[in-house]
Amino acid sequence: MHLLNLGILAHVDAGKTSLTERLLHHAGVIDELGSVDAGSTRTDTLALERRRGITIKAAVVSFPVDGITVNLIDTPGHPDFIAEVERVLGVLDGAVLVVSAVEGVQAQTRVLMRTLRRLRIPTLVFVNKIDRRGARPEGVLRELTERLAVPVVAMGTVTSPGTPAAAFTPADPAPDVLADHDDTLLAAYVDGTLTPARVRAALRAQAHRGVVHPVYAGSAATGAGVPELVAGIKELLPPAAGDPGGPLSGTVFKVERGPAGEKIAYARLFSGTLRVRDRIPSGADARSKVTAISVFGDGTDTRAEAVPAGRIARLWGLTGARVGDSLGTPRPGHGRFFAPPTLETVVVPGPGTDRRALHLALTRLAEQDPLIGLRHDEVRAETSVSLYGEVQKEVLQATLADEYGLAVTFRETTPLCLERPTGTGAAAEFIKKGDHPFLATVGLRVEPAPPGTGVTFGLEVELGAMPYAFFKAVEDTVRETLGQGLHGWQVTDCAVTMTHSGYWPRQSHAHQGFDKSMSSTGHDFRGLTPLVLVDALRRAGTRVHEPMHRFRLEAPADTLGALLPVLAALDAVPGTTRTEGARCVLEGVVPAARAHALEQRIPGLTRGEGEWESAFDHYAPVAGGAVPERPRTDRNPLDRKEYLLNVTGRVGG
């Protein structure tokens, strides 16, 4: 069976959900077109999606085209939901990138195309809305080449743009762009022996490899250009590959709850075959059993006994499954493509909202989105969530209200900082020496490590010096404790080495059993390690780093004088400034905490003509002012007396 897992991607409001409806209508899957404005589209199923007219969650629909089964995945276009797009990219065989013929290339278009190119995902471009007033398909084609800086091949021309009669007329592709990537084609082009069939074969081969991007144009509203796009999808995008007889390998890219609250995992299989009653590793479960399977095809999903490589399926029974989990052997080279969230906010329960129900609801939402980081503060009875942007707060608020009946508000959004050691520090505590009551000896050294390396743990003591379980208890506790440094932020990019170890072996008395009070346990090492680690951190010192966004601002050149003072006031630092005709382009960095405020100011400062693009770039030391502190949610090993009282019920030994 010829199968294609196809993603539709675009900047918000480019018309990709409308294009999805048109493709389903063209294939005969639906009899009547849904409307984004009316909230009747097939793929936008969430109430908030229908109200706002935007896609928030990826949706899968299926349709047949001339013997090909296309699993079409409609993805969000708003930058706040880039994590949802990220998860879809890992399961695609090909993509259609939608660009509006009116607005042209937008900031998010650039982000998406860069990622598609990096992953070598074969991609067609569809210039939508050619029937709208102000449509400029020829200008958008130039923008694709100049602003996206990618090789594109026009697959036809547009007649009567900007009118209801706008149409797309297919034409033979020009060989010049193709010849840049094929020496034999170039030679045939030069000596005049090139044939249309040879050009078409080169186009198909280069499009399959993601080297060039064929460009179609049309209107999802009128259907113009859609038959030609469907033909291009069939011819120019490669079918799903995978060996059904190979080792099991798949990825969970979406998790939802069914009507009875059961967990349903959406997964793409790259290799092997998964059957009902198969047991596979999944999430926190040691061996999860698949209790039911449905596969997509012919416009819907139907129950099946098995799902082979290449297919997308809904799986029941994987109770521990989380988005991003691998089924079987992890896919090599597959990882995160977009930056993690850099903002967080505190969820405030509304009057009458049950806090336990709220915590359960947030936990369920987090299992559907691994980048919703939850942080619960038991002392203050508060829960914080990590975010990409302000729109996510509205979505979270509406989801909690609509799906769980819980009213919430939020505190002010703050940047999600981190701490890095500034020097080397060491500390050690020994059994029955000092005031700690633990039957354990632990010594640790903390040193800075290169940015991006995370946390490493090593030993300077012999592995056989004590039971392995005690070493494991120390390492696990080190990693957990580093979640909150001297200022409350996660500590990263450091090397922790265990320099001292010791324990009391299992003690027993004549004619008596095991004497727990005289024998070391894992609890002793888990209790002592935070005290030693924070002591070493104090001696090493840490510095708080805040997330920085790299920005690109394109605006009329005569607005530069108004822009620069505002950029300076919001701590943005332009790196380069250049003029391109009547427009200027500024590139630089801005603290993540200021990026949203700056983005809101751009339209007013640029007469609505400014184009803003920003994304996380790096962490930089907080410069000037008070060092941001984050309230602790642990037992506070920074305060020795409080910690010992919390852990053991007494102040010391």
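Here is a walk through a few parts of this structure, which is a predicted model.

Let's start with a sheet. Strands of a sheet pair through backbone hydrogen bonds, and they can do that either parallel or antiparallel. The one to look at here is an open sheet of 4 strands, in the order β26-β27-β30-β28, and its pairing is mixed. At the edges you'll find β26 (425-429) and β28 (455-459); each has a single partner strand, so one side of each is left without a neighbour in the sheet. On average, neighbouring strands of this sheet are turned by 20 degrees against each other, if you ignore direction.

Now zoom in on β28. Its pairing with strand β30 (residues 494-503) is parallel and runs over 5 bridges. If you want a spot to find by eye, look for F457, which stands opposite V496 in β30.

Helices come in against these strands too. Helix α12 (residues 468-481) packs on the sheet and touches β27 (440-448), β28 and β30. The direction of α12 makes about 155 degrees with that of β28. Then there's helix α13 (residues 522-540), which lies across β26, β27 and β30 and runs at about 35 degrees to β27.

Next up, a pair of helices. Two packed helices are described by the angle between their axes and the distance between the axes. Helix α14 (residues 560-569) and helix α15 (residues 592-605) pack at an angle of about 165 degrees, and their axes are 11 Å apart. An angle over 145 degrees counts as roughly antiparallel, and α14 and α15 are therefore roughly antiparallel to each other. Their crossing is right-handed. Which residues make the contact? From α14 come A562, L563, V566 and L567, while α15 brings L598, R601, I602 and L605. Sort the residues of this contact by type and you get 7 nonpolar, no polar and 1 charged.

Last stop: strand β22 (residues 382-387). Is it buried or exposed? 6 of its 6 residues are buried, so β22 is largely enclosed by the rest of the structure. E382, S384 and S386 point one way from the strand, and T383, V385 and L387 point the other way.

β22 has pairings to follow as well. Strand β20 (residues 343-349) runs antiparallel to β22, joined by 5 bridges, and there T345 has V385 as its bridge partner. Strand β21 (residues 374-377) also pairs with β22 in the antiparallel sense, over 4 bridges, with H376 partnered by T383. β21 and β22 form a hairpin with 4 residues between the strands, and in that hairpin A381 takes a positive phi near 55 degrees.

How values were computed. Residues numbered from 1 in each chain as written. Predicted model: local features only at pLDDT ≥ 70, side-chain atom pairs only at ≥ 80, totals over all residues. Heavy atoms only, no water. Pairing = 2+ DSSP bridges. Helix = DSSP H or I, 4+ residues; strand = E, 2+ residues; numbered from the N terminus. Axes fitted to C-alpha atoms, helices over the stretch in contact; angles between N-to-C directions. Contact = heavy atoms within 4.5 Å. Parallel < 35°, antiparallel > 145°, perpendicular 65-115°, else oblique. Left-handed = near helix turned anticlockwise from the far one by under 90°. Nonpolar A, V, L, I, M, F, W, Y, C, P; charged D, E, K, R; others polar. Buried < 20%, exposed > 50% of the residue type's maximum accessible area, 1.4 Å probe, protein only.
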